Amino acid sequence: MHSSFPAGPPPVREPFHAPVAHLIRGGVVEGVHYGSVVILDGAGQVCFELGDAEAACYPRSALKPVQAVAMVRAGLPLDAELLSLAAASHSGEERHLAGTRRVLELAGLTEDDLRNIPDLPFDPVVRDTWVLEGRPPSRLAQNCSGKHAAMMYTAALNGWSLDDYLDPAHPLQRAIAETVEDLTGQRVAAVTVDGCGAPLFSVSLRGLAVAAARLTTAAPGTPEARVADAMRGHAEMASGSGRDVAALMRAVPGLLAKDGFEGVQVAALPDGRAVAVKIADGAARARVPVAAAALALAGVDASLLAEFAGEALLGGGRPVGEVRRAPALAPATVPACA
């Protein structure tokens, strides 16, 4: 454990977001995405902040690695691809469905025991195939099913009740909340329900970055290191074969990265440097180039990040512009945090 006395909760307020990404079409700024960015150096200190990294926010699925650490601390015996799946927002590929079934089998459970919401696969190609085949939404296909299966397995191993495992007062969720506070170093500001039905804990963007750094700098064999190693070693199980977060982990050696709905991204390097991003309007098209820009400012070789620098804007089927980081994130104007 990192601290028996976390700091107080982050303030609940309208965040003071700043411009973090521009939509450039034909040389004109057509649109602006606002958001916040924080970068930690290897000592865990804030070396760059744009916007508001101290306000309470919901990390959404970017908090899943921390939830997975809590489950490992509570006795979850998974490793490698199945532990990566426990921290996943998966695409609904067959590997993800098969892995979730395996976790449920280990717990002596079936898909019918899950309490997440039924959904179609997250990956658009896989989803279209499901629709063409007439397959209905299922709890197994929903992108959080690996986390839910791992939660039920953890509860079963501890002799905790299963029907109410999503109740914030359940022993499992209390253990997760304690781990969130331990790894972020701050009290939870608010608790609500995530899209999948699980409790969601509000912390600051800085707290999220601190937690990610604690995973990547943890001693080998600890729950934190086991989760980080599983996700880095099986990036496609933590996301999907065509997902940007998996590509980012493959591109940058040793990087742990996790995305979340509503434009959240966290990433940490083995030496403790970490970044966290929140796009105010939730746009994924801004999340990726802003996260790449933050990693470059953290000292990652820009050549490793080239494919993530911006999404092309099309006109008549051809590129006429791009979504790219705002000038405030330009390396020429910001001291690097390396």
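Here are some short exercises on the predicted model shown above, each with a worked solution.

**Exercise 1. The overall build**

Work out how the radius of gyration of the protein compares with the globule rule for 338 residues.

*Solution.* Let us begin with the inventory: the protein has 11 helices and 12 strands. Next comes the comparison: the radius of gyration is 19 Å and the globule rule gives 20 Å for 338 residues, so the protein is as compact as a globular protein of that length. For the outline, a box of roughly 60 × 55 × 35 Å along the principal axes holds the C-alpha atoms. Finally, look at the contacts between residues at least 6 apart in sequence: 65% of them join residues at least 24 apart.

**Exercise 2. Surface and charge**

Find what share of the residues is buried, and how far apart the centres of the positive and negative side chains lie.

*Solution.* Start with burial: 54% of the 338 residues count as buried. Then turn to the accessible surface, which comes to about 13,200 Å², with 54% of it belonging to carbon and sulfur atoms. Last, count the charges: there are 29 positive and 37 negative side chains, and the centres of these two sets are 2 Å apart.

**Exercise 3. An aromatic pair**

Decide whether the rings of F122 and F261 are stacked, edge-to-face or tilted.

*Solution.* The count of aromatic pairs comes to one. In that pair, the ring centres of F122 and F261 are 5.9 Å apart and the planes meet at 45°; stacked needs under 30 degrees and edge-to-face over 60, so the pair is tilted. Now place the two residues on the chain: F122 is in the loop between α3 (94-106) and α4 (124-132), while F261 is in the loop between β8 (256-260) and β9 (264-268). The pair therefore links distant parts of the chain, 139 residues apart. As for exposure, F122 has a relative accessible area of 33% and F261 has 40%, and since both values fall between 20% and 50%, each residue is partly exposed.

**Exercise 4. A mostly covered helix**

Identify which residues of α10 are buried and which elements they pack against.

*Solution.* Helix α10 spans residues 244-251, and six of its eight residues are buried. These are V245, A246, A247, L248, M249 and A251. Their packing partners are α8 (223-233), α9 (235-238), β8, β9 and α11 (284-297).

**Exercise 5. Two charged residues and their contacts**

Classify R13 and E181 as buried or partly exposed, and list what each touches beyond four places in sequence.

*Solution.* Take R13 to begin with; it sits in the segment before β1 (18-25). Its relative accessible area is 33%, so R13 is partly exposed. R13 touches D52, E54 and A55. R13 also lies 7.1 Å from A56, C-alpha to C-alpha, although 43 residues separate them in sequence. Now for E181, which belongs to helix α6 (residues 171-184). At 15% relative accessibility, E181 is under the 20% cut-off and therefore buried. The contacts of E181 are P6, Q186, R187 and V188.

**Exercise 6. Positive phi outside glycine**

Locate R60 and A80, and say how exposed each one is.

*Solution.* Phi of R60 is near 55°, a positive value in a residue other than glycine. R60 is in the loop between β4 (56-57) and α1 (64-73), and its relative accessible area of 19% makes it buried. A80 has a positive phi of about 55° and is not a glycine either. A80 is in helix α2 (residues 80-86), and at 37% relative accessibility it is partly exposed.

Definitions and conventions: Residues numbered from 1 in each chain as written. Predicted model: local features only at pLDDT ≥ 70, side-chain atom pairs only at ≥ 80, totals over all residues. Heavy atoms only, no water. Helix = DSSP H or I, 4+ residues; strand = E, 2+ residues; numbered from the N terminus. Rg over C-alpha atoms; globule rule 2.2 N^0.38 Å. Buried < 20%, exposed > 50% of the residue type's maximum accessible area, 1.4 Å probe, protein only. Contact = heavy atoms within 4.5 Å. Areas by Shrake-Rupley, 256 points an atom, 1.4 Å probe, with all protein chains shown as cover. Lys, Arg positive; Asp, Glu negative; His and termini not counted. Charge placed at Lys NZ, Arg CZ, Asp CG, Glu CD. Phe/Tyr/Trp six-rings, centres within 6.5 Å; stacked < 30°, edge-to-face > 60°.
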